[in-house]
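Please open the structure in your viewer and keep the selection tool at hand. We will go from the whole chain to a few chosen places, pausing at each one.

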Amino acid sequence: MIVINKDDQLPDIAAVLIGRFLWRYRSELAPVYVVVTLAIGGAVLHMTHAQWWPYLLVVATLAAWMLAMFGERVGLSLRAERFYAAAVALGGGMWLAAATGLGLTYAPLPQLLVGGGFVLAVPWWVHRRRRAKVRVERQLAAWPEIAHSVGLSGSRVQSAVVDVWGWRARFALARGQTIQDVIAKVPAIESALGTFRGAVRVHPTRDDKANRFELRVLDTDPHADAIPWPGPSVTSINEPIDLGPFEDATSARVLFLRRHGLFGGVAGSGKSGGLNVLMGNLTACRDVVIWAVDLKRGMELQPWASCIDRLATTPEQARALLRDADAVLEARAAWLAARGRRVWEPTPELPALVIIIDEYAELADEAPDATSDTDSIARRGRAVAVTLIAATQRPTQKAMGKGAVRSQMDVRVSFRVRERKDVDLILGQGMLAAGWHAHTLNAPGKFLLSAPEHDTPRRARAYLLTDEAVADAAHQHATRRPALDEVSQTAIEEAHAGVHLRALNGPDDPPSVADVGEPENGPETVLWEMLSGAPDEGIPVSHLIKATGMSRPWIYQRLRELADDRRVTQVSRGRWRAATEHAP
């Protein structure tokens, strides 16, 4: 007995149920449909146009040839797929021609139809991409029900694409819905689709419209296993560096020229591996000089020592390195200003300077006075191609030295973090709420990349460099490293000489005129005259070299002698002036 109330639907009849079954499983039953169509076609053509069998044979041959040669134009991208389609077209056409001329019951045509149809159906049934496409189509067909259950009623599918690791689809949202609503419902979407945890990604569409989003669903994790480093992706700092592949197999390329960078993540999250990828690419660039600070006694960066121009492993060495970097920054700025130029264009003769600091918090703790130099580099280093790359576990304001370093980092690479609030520390305020969930990264080397050209949360995995790969790359690149340019080298030498003279004289012990003797003739006279007539701000040593015609060591030696005679004192880094009672 069937009791029908006013709100109940009438039960479906058998024909409707059968029709739904045949339509729902149309992909799996496609070989059966083809066999039935051939049988009906052969029977009809034999009764009406039996003489057409030669034409059918010619058409089948041409169709098979066209599918084999031009099948990619109709979606058959793989050669095996094109050959399979050609075999089906040729086999089906030959059987139809025979059935047209001889009749459907002519032996052994029925047996060939059934047996051949089964053999040709097996590749169709086991084809991975076909099965994946069918599964996706059924999931998308059920999207209205899924959307209703997760609270996104009114959203609809616009397009879908199946790829090697899963599928992605473009959706339109109902009025008043935003991508933030979708991000908040990702766990519910994973449950409704029946996927594993962490399989769903939500991104804005390329046109960045507020009422659309792109849903990516992974069938398998493409980053489950480590990905060996394929080798350097650049030969110049002017090119974007490939840190590793995204989940859609595209490369996570980012430009570091005139951009400071921050690598963050807990211990064991893969920061060192990310730095190795960066070092492997920077050492391949012939227009980059690399300085490094590793206060863990060089444990992380020592394998690259042959490619590093200067490696500081103690707080004293770190202070000196960063002071010299600040001197290079000032000298390059002066050199550009004198020539009316605004930016330093890296070349092998005028290379960029990249300073890598591993565990930046150690520098802030053990050499806090050096953070003023890093702050200056972060604020003023872009135009003169002096780049700072810092790595730390948790870049709090205290760990970053209470300066402007963190706020100047344009490139942020976040590996796994332990707490949700650390996402905003590394990637910037509000990034956690925007869907940058670095706390969900579940394997070493996985990271999120935030940069001007990467403004959506996409998971990537850094390439793996084994110890052998690091040693081979360092050995291969060591012989091709550029030298620091003359402008920068001169600034460093002048800074060192200035510090030496200041140590000799003492800050509160000015020279006396009684100690000033008669200068010698020749270059020494010219030197003394230039020192005596120098302005308050000093005079560059390079000017002294040109005026006297003598070498830099000779100039430094004479300056030391004058310092011993208490004739001169240093007043600003790398610059000199006379210091007698008659000097201004």
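The stops below begin with the whole chain and then turn to helices, aromatic rings and a loop.

**The whole chain**

Begin with everything displayed, and bear in mind throughout that this is a predicted model. Colour the protein chain by secondary structure, and you should be able to look for 19 helices and 17 strands. The chain has 584 residues, of which 46% count as buried. If you consider the contacts between residues at least 6 apart in sequence, 67% of them join residues at least 24 apart.

**Two helices that cross**

Next, select residues 30–48, which form helix H2, together with residues 109–126, which form helix H5; their axes come within 9 Å and cross at roughly 150°. Because of that angle, which is over 145 degrees, H2 runs roughly antiparallel to H5. The crossing in which H2 passes H5 is right-handed. Now show the side chains where the two helices meet: on the H2 side these are Ala30, Pro31, Val35, Leu38 and Ala39, while H5 contributes Leu113, Gly117, Ala121, Trp124 and Trp125. Sorted by character, the residues of this contact comprise nine nonpolar, one polar and no charged.

**Aromatic rings**

Keep the side chains visible and turn to the aromatic pairs, of which the count comes to seven. Select phenylalanine 21 and tyrosine 25, whose ring centres are 5.0 Å apart and whose planes stand at 45°, so this pair is described as tilted. Phenylalanine 21 is partly exposed, with a relative accessible area of 47%, and tyrosine 25 is also partly exposed, its relative accessible area being 30%.

Then move to tryptophan 65 and phenylalanine 70, where the ring centres lie 5.7 Å apart and the planes are at 80°, so the pair is edge-to-face. Phenylalanine 70 has a relative accessible area of 33% and is therefore partly exposed. To finish with the rings, select Trp143, Phe171 and Phe213 together, since these residues form one aromatic cluster.

**A residue in a loop**

For the last stop, find threonine 313 in the loop between strand S9 (310–312) and helix H11 (315–338). Is threonine 313 buried or exposed? Its relative accessibility is 16%, so threonine 313 counts as buried, the cut-off for buried being under 20%. To see what surrounds threonine 313, add Asp294, Leu295, Arg297 and Gly298 to the selection, for these are the residues that threonine 313 touches when residues up to four places away in sequence are not counted.

Note on methods:
Residues numbered from 1 in each chain as written. Predicted model: local features only at pLDDT ≥ 70, side-chain atom pairs only at ≥ 80, totals over all residues. Heavy atoms only, no water. Axes fitted to C-alpha atoms, helices over the stretch in contact; angles between N-to-C directions. Helix = DSSP H or I, 4+ residues; strand = E, 2+ residues; numbered from the N terminus. Parallel < 35°, antiparallel > 145°, perpendicular 65-115°, else oblique. Left-handed = near helix turned anticlockwise from the far one by under 90°. Contact = heavy atoms within 4.5 Å. Nonpolar A, V, L, I, M, F, W, Y, C, P; charged D, E, K, R; others polar. Phe/Tyr/Trp six-rings, centres within 6.5 Å; stacked < 30°, edge-to-face > 60°. Buried < 20%, exposed > 50% of the residue type's maximum accessible area, 1.4 Å probe, protein only.
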